[in-house]
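User: Hi! I am new to this structure and would like to go through it with you. Could we take it step by step?

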Amino acid sequence: LTFLVRNRTELFVDTPIIFCGINSFKPELLENHTDITGVVEEVDVVKTVELMRRLHPHKDRIVVVNDHTATGTLLTGEIKELSSSYPDLTWMFPDDLTWEELQRFLAAQSADTLVLLGIFLRDASNRHIEYDLSAETITRVFPAPVYGLWDFFLDHGFIGGYLASGSFQGRTAAQLTLKLLNGTPTEQIPIVKNS
């Protein structure tokens, strides 16, 4: 989306834009731009942490697993800010680990620990890890429940959480596109902020 906005006058003049899957969306990105709408990708860390606490009231440690992709880095920052709201929890943010180091780290954790799997698709050595292998391996080596933030981890061993859905975002973007194609001006199609 940033690329499209920056290069719109050269590449996409008078072309409506409908986006989806944009993490950490800031409305300022679209300032002074028109004919753009879409679906923001928002994960609900607060609701997921509250669910974890409700289902596991005696566990007081949360390991947050994220990679160093743009999404992972933004998410780690957001969760670190949020963590100060939970002074009774110990938060761990293992970072800059290879895939093997992450597995050893998780396997060594105590039973009073939970994992919040944000996104781990690229390790410290820049090796790509498929999402299904990531979730399946983490849930296999970690001795306690693993929660997540995206629905593509479902059916790969983790417990759940309040999950953002790429399928929902895609369907919603398609519905917005149909509105546009049926004559509704983009300015009358509000940005969907709940994914």
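User: In strand S6, which residue is the bridge partner of Leu117?

Analyst: Happy to help! This is a predicted model, in which local features need pLDDT of at least 70, side-chain atom pairs count only at pLDDT 80 or more, and totals for chains, interfaces and linings use all residues. Residues are numbered from 1 along each chain as its sequence is written, and side-chain values use heavy atoms, leaving out hydrogens and water. Strands here are DSSP runs of E with at least two residues, and helices are runs of H or I with at least four, numbered from the N terminus. S5 and S6 run parallel and are joined by 3 bridges, and in S6 the partner of Leu117 is Gly148.

User: What is the order of the strands in the open sheet?

Analyst: Two strands count as paired if DSSP finds at least two bridges between them. The open sheet has 4 strands with parallel pairing, in the order S4-S3-S5-S6.

User: Which strands are at its edges?

Analyst: An edge strand pairs on one side only. That description fits strand S4 (90-92) and strand S6 (146-148).

User: At about what angle to S3 does H5 run?

Analyst: Axes are lines fitted to C-alpha atoms, for helices over the stretch in contact (heavy atoms within 4.5 Å), and angles run from 0 to 180 degrees between N-to-C directions. H5 lies across S3, S4 and S5, and its angle to S3 is about 170 degrees.

User: Why are the buried residues of H5 on the same side of the helix?

Analyst: Buried means under 20% relative accessible area, with a 1.4 Å probe and protein chains only. In helix H5 (residues 99-107), the buried residues are Trp99, Leu102, Gln103 and Leu106. They sit on the same side of H5 because the directions from the helix axis to their C-beta atoms cover an arc of only 100 degrees.

User: What do those buried residues pack against?

Analyst: Two strands and a helix are involved. The buried residues of H5 pack against strand S3 (61-66), strand S5 (113-119) and helix H6 (131-141).

User: Is Pro57 buried or exposed?

Analyst: Pro57 is found in the loop between helix H3 (45-55) and S3. Exposed means over 50% relative accessible area, and partly exposed lies between that and the buried cut-off. With a relative accessible area of 56%, Pro57 is exposed.

User: How far apart in space are Pro57 and Asp112, C-alpha to C-alpha?

Analyst: In sequence, Pro57 and Asp112 are 55 residues apart. In space, their C-alpha to C-alpha distance is 9.9 Å.
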